[in-house]
Amino acid sequence: MAGHFNSTLIPKRALKYFEANRNVLVIEDDKVLGQMVTEILDDVGFEVTTATNGRIAFDKLKQLPIDFIVLDILLPEMDGFEIYAQLQAKPETREIPVMLVTAWADERNIERASQMGIQHFLPKP
């Protein structure tokens with residue numbers, strides 16, 4: 001269903017924003033959770049690209065226009081905080097909004113995310 005937003009799932013006042021920012025990169029190494037997040041976003045109408053680690057994510061960012069990133073903390077090679085720091089260091093990616101989605105939603109990680117400037121933090125169930 002990607003390509004057309006399901007207007008029953010999107011508030012009318014947000015529809016224009018979503019239509020203008022439809023490309024989402026999901027950086028998640030857990031295949032089941034990654035597939036679940038992808039399907040939810042796809043059902044709403046987002047164009048979803050996935051990456052299982054930072055290297056793949058940065059390759060995708062070079063190839064595709066990305067409007068929003070869903071980022072796990074615990075990833076192979078480099079963690080989500082390292083990926084976020086690298087995103088912020090590059091002018092071409094620093095303005096992309098990032099939502100941190102993690103099972104490690106303890107006080108320390110929430111505080112670290114806040115100090116880094118991550119405004120969107122969602123604990124995994």
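**Group meeting: a walk around helix α4 and strand β2**

Hi everyone, let's start with helix α4 and its neighbours: the cover over its buried residues includes β1 (23–27), α3 (54–63), β3 (68–71), β4 (98–102) and α5 (107–116). Before I go on, please keep in mind that this is a predicted model. The mean pLDDT for the protein is 86, and 89% of the residues score at least 70. Confidence is highest in α3, at 97, and lowest in helix α1 (residues 12–20), where the mean is 72.

Back to α4. Which residues of this helix, spanning 80–89, are buried? They are G80, F81, I83, Y84 and L87. If you look down the axis of α4, these buried residues fall within an arc of 160°, so they line one face of the helix. At the N-terminal end of α4 there is a cap, and the residue that provides it is D79. One of its side-chain oxygens sits 2.9 Å from the backbone nitrogen of F81, and F81 is itself among the buried residues I just listed.

Now let's move over to the strands. β1 and β2 (residues 47–51) run parallel, and five bridges join them. To get from β1 to β2, the chain passes through helix α2 (residues 31–44), and this β-α-β crossover is right-handed. If you'd like a pair to find on the screen, take L25, whose bridge partner in β2 is T49.

Next door to T49 is V48, also in strand β2. Is V48 buried or exposed? Neither, quite: with a relative accessible area of 24%, V48 is partly exposed, because buried would need a value under 20%. Leaving out residues up to four places away in sequence, V48 touches V24, V26, T38, L41 and D42. There is also a nice link back along the chain: the C-alpha atoms of V48 and N23 are 25 residues apart in sequence, yet separated by 6.1 Å.

One of those contacts of V48 deserves a stop of its own, and that is T38. T38 belongs to helix α2, and T38 is buried, at a relative accessible area of 15%. Its side chain reaches the backbone oxygen of G34 at 2.8 Å. With the same sequence neighbours set aside, T38 touches V48 and T50. In other words, T38 on the crossover helix is in contact with residues of β2.

My last stop is a pair of loop residues. N53 lies in the loop between β2 and α3, and with a relative accessible area of 7%, N53 is buried. What does N53 touch, not counting residues up to four places away in sequence? The contacts are I27, P76 and E77. With E77 there is a polar contact as well, side chain to side chain, at 3.4 Å.

E77 sits in another loop, the one between β3 and α4. Where N53 is buried, E77 counts as exposed, at 60% relative accessibility. E77 also has a backbone detail for you to look at: its phi is near 75°, a positive value in a residue other than glycine. As background, most residues other than glycine have a negative phi.

So, to put the stops together: α4 has one face lined by its buried residues, β1 and β2 are joined through α2 by a right-handed crossover, and the N53 and E77 side chains meet in a polar contact. Thanks for listening, and I'm happy to rotate the model for anyone who wants another look.

How values were computed. Residues numbered from 1 in each chain as written. Predicted model: local features only at pLDDT ≥ 70, side-chain atom pairs only at ≥ 80, totals over all residues. Heavy atoms only, no water. Buried < 20%, exposed > 50% of the residue type's maximum accessible area, 1.4 Å probe, protein only. Helix = DSSP H or I, 4+ residues; strand = E, 2+ residues; numbered from the N terminus. Arc of directions from axis to C-beta. Contact = heavy atoms within 4.5 Å. Polar contact = N/O pair within 3.5 Å; in protein donor to acceptor, adjacent residues only side chain to side chain. Pairing = 2+ DSSP bridges. Right-handed = clockwise from strand over helix to strand, strands pointing away. pLDDT = per-residue confidence, 0-100.
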